[in-house]
Amino acid sequence: MKRDKTQFKWQEATGDAKFIADRHFDNLLEGRLFRSSCPRGKIESIRLPDLPEGYFVFGAKDVPGRNVLQMVEADWPVFADDEVRYLGQIILLVVGPEIKVLEQILDKIHVEYQPLTPAFTLPDSQKLTDGAIHGQDNKFDSHRINKGDVNRGFAQAEHIFEEMLSTSYQEHMYLEPQGMVGYPLDGKIVIEGSMQCPWYVHHCISVVLGHNKVRAIQATTGGGFGGKEDYPDVLAGALCVAVERVGQPIRLVLPRSEDIAFTSKRHPIDFHYRTGVDKQGKIVAMEVKVDINSGAYLSLSGIVLQRAITSCINVYEIDNVRVDATAWATNTSPNGAFRGFGSPQTCFGIETHLSHVAKQLGLEPADFKHDHLLNTDSTTLTGASIFGDLVLEQMYEQICEASDYHEKAKAYRQQSKNGDLLTGIGLAMFQHGCGFAGDLEDTLVKAKVRLVKGPIMRLRSRSLTQI
């Protein structure tokens with residue numbers, strides 16, 4: 001039986017997809033967030049204006065369950081109560097029929113703060129000015145990995161190179177901004193929205209409301225790339241409180257400017273490398289220090305940190321390595337997942353560092369990297385054996401042949417000597433792995449799957465045939 005091809009159109013590409021902002025809901029109210037204008041401080045008082053009929057304001061005192069976003073840890077409040085930790089932290093949710101009226105109400109809300117000195121950067125965080133943001137030392141998480149004997153390795157080194165590198169924030173820039181709708185249905189509070197992990201949202205709102213009569217539905221989602229993994233909890237936590245109290249549908253969609261300003265980003269990371277190389281040009285020891293800017297709350301930073309450090313020497317075999325890694329609290333928006341969970345930053349860092357080391361040794365960077373590639377008999381940074389056949393050597397040879405890498409590199413080096421600095425060719429490698437680091441699935445998700453056997457469907461030449 002042949003099926004209608006139009007059922008399988010690329011709706012996002014054609015413009016036919018219906019995102020949350022495009023959907024119709026009867027008796028729909030709109031929501032807008034009142035956010036902190038203070039990056040760090042104590043909340044002394046909140047003054048609200050008189051509200052028109054049909055308009056509502058919700059805050060920490062209205063949460064029926066726990067005022068926490070239950071992510072990996074429960075440290076991020078749904079609504080700021082006695083303190084704010086970053087510019088833009090949610091303090092209140094304003095709900096009503098007209099967005100223009102909501103914006104007028106937001107302009108009339110006044111919060112008094114007792115400001116404290118904010119820490120925006122990692123050096124700021126380590127100074128502990130006005131005390132710690134988190135715990136006693138601003139450290140959300142820290143790990144060390146040891147492989148071999150670093151001290152013995154450095155004793156064999158003919159050259160030692162030290163370098164500091166850093167990566168910055170990166171915006172997901174998904175097609176559709178963060179947004180969701182909440183509504184009561186069949187005795188449950190339903191949150192439907194643009195999200196990657198509906199089970200996370202389900203878990204979060206059940207904690208906030210204090211019961212399990214909840215449902216989370218992933219609507220058509222216009223991109224995520226990790227940005228809609230943790231942050232939907234932030235919107236859902238506030239929205240579910242209002243929906244349960246008001247008893248009718250409420251939509252909360254962030255304007256693009258608000259989305260960019262306050263949602264999670266790729267973690268900025270500071271790297272410090274100390275690398276020892278022997279007379280034969282072999283790396284005999286490496287120390288790596290990895291410091292990530294988590295923002296004001298942990299969110300997914302612990303998982304990102306674990307993935308970052310396990311990939312921090314990339315695809316290379318180095319016998320003696322020590323890695324020290326820390327996730328630091330700062331007074332910035334909490335950072336989260338972004339396509340790779342820390343691996344893109346660490347692989348960029350080590351590739352850049354090894355290229356610099358090779359050039360200081362007078363070696364071709366690609367050849368220097370090739371000489372340190374893992375092979376099937378290697379042991380990884382974490383002490384694991386390679387499973388299956390590793391084909392990095394074959395990949396390297398094919399890539400160099402297909403790109404004519406070495407001839408181009410030679411020609412470009414000559415051009416550079418002649419003063420043409422705007423041409424060149426480079427080779428970088430990347431390893432990521434799959435699945436989360438840590439035990440997130442076991443401790444948080446705990447999902448169950450039911451397998452239902454049905455007709456076998458075969459996709460052929462863009463048409464679907466049942467056989």
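**View 1. Gly179 of strand 9 faces Val253 of strand 12.** Gly179 stands opposite Val253 in strand 12. This is a predicted model. Strand 9 spans residues 179-185, and strand 12 covers residues 250-253. The two strands pair in the antiparallel sense. Four bridges hold the pairing. Strand 9 is mostly covered, with five of its seven residues buried.

**View 2. Strand 9 and strand 10 make a hairpin.** Strand 10 takes in residues 188-193. Strand 9 runs antiparallel to strand 10, and six bridges join them. One facing pair is Val181 and Glu192, the latter in strand 10. Two residues lie between the strands of this hairpin. Asp186 sits in the turn and has a positive phi of about 55°. Strand 9 thus appears in two pairings: with strand 12 over four bridges, and with strand 10 over six.

**View 3. Arg32 is a buried residue of strand 1.** Strand 1 covers residues 29-35 and contains Arg32. Is Arg32 buried or exposed? Its relative accessibility is 12%, so Arg32 counts as buried, the cut-off for buried being under 20%. Leaving aside residues up to four places away in sequence, Arg32 touches Leu92, Leu93, Val94, Ile99, Leu102, Glu103, Leu106, Leu252, Val253 and Pro255. Val253 also appears in View 1, opposite Gly179. Val95 is 63 residues from Arg32 along the chain, yet their C-alpha atoms are separated by 6.6 Å.

**View 4. Five strands build an open, mixed sheet.** The strand order is 7-15-14-13-8. The sheet is open and its pairing is mixed. Strand 7 (139-147) and strand 8 (159-167) are the edge strands, and each pairs on one side only. From one strand to the next, the twist averages 10°. Strands of a sheet pair through backbone hydrogen bonds, either parallel or antiparallel.

**View 5. Strand 15 pairs with strand 14 and with strand 7.** Strand 14 (residues 283-295) and strand 15 (residues 321-329) pair in the parallel sense. Nine bridges link them. Lys289 stands opposite Asp324 in strand 15. Val288 has Val323 of strand 15 as its bridge partner. With strand 7, strand 15 pairs in the antiparallel sense over eight bridges. There, Lys139 stands opposite Trp328 in strand 15. Why is strand 15 described as largely enclosed by the rest of the structure? Eight of its nine residues are buried, so strand 15 is largely enclosed.

**View 6. Helix 8 lies across three strands of the sheet.** Helix 8 (residues 301-310) lies across strand 7, strand 14 and strand 15. Helix 8 runs at about 20° to strand 7. Helix 9 (residues 343-360) also packs on the sheet. Helix 9 touches strand 8, strand 13 (269-277) and strand 14. Its direction makes about 145° with that of strand 8.

**View 7. Helix 8 is mostly covered.** How many of the ten residues of helix 8 are buried? Eight of the ten are buried. They are Ser301, Gly302, Ile303, Val304, Leu305, Arg307, Ala308 and Ile309. Arg307 of helix 8 is buried, as is Arg32 of strand 1.

**View 8. Val449 is an exposed loop residue.** Val449 lies in the loop between helix 13 (440-445) and strand 16 (457-460). Its relative accessible area is 80%, so Val449 is exposed, the cut-off for exposed being over 50%. Val449 and Tyr297 are 152 residues apart in sequence. In space, their C-alpha atoms are 31 Å apart.

**View 9. The whole chain sets the context.** The chain holds 13 helices and 17 strands. Along its principal axes, the C-alpha trace spans about 80 × 70 × 45 Å. Of its 467 residues, 50% count as buried. The chain exposes about 23400 Å², and carbon and sulfur atoms supply 50% of this area. Of the contacts with a separation of 6 or more, 80% join residues 24 or more positions apart. The side chains include 50 positive and 59 negative ones. The centres of these two sets lie 6 Å apart.

How values were computed. Residues numbered from 1 in each chain as written. Heavy atoms only, no water. Buried < 20%, exposed > 50% of the residue type's maximum accessible area, 1.4 Å probe, protein only. Contact = heavy atoms within 4.5 Å. Areas by Shrake-Rupley, 256 points an atom, 1.4 Å probe, with all protein chains shown as cover. Lys, Arg positive; Asp, Glu negative; His and termini not counted. Charge placed at Lys NZ, Arg CZ, Asp CG, Glu CD. Pairing = 2+ DSSP bridges. Axes fitted to C-alpha atoms, helices over the stretch in contact; angles between N-to-C directions.
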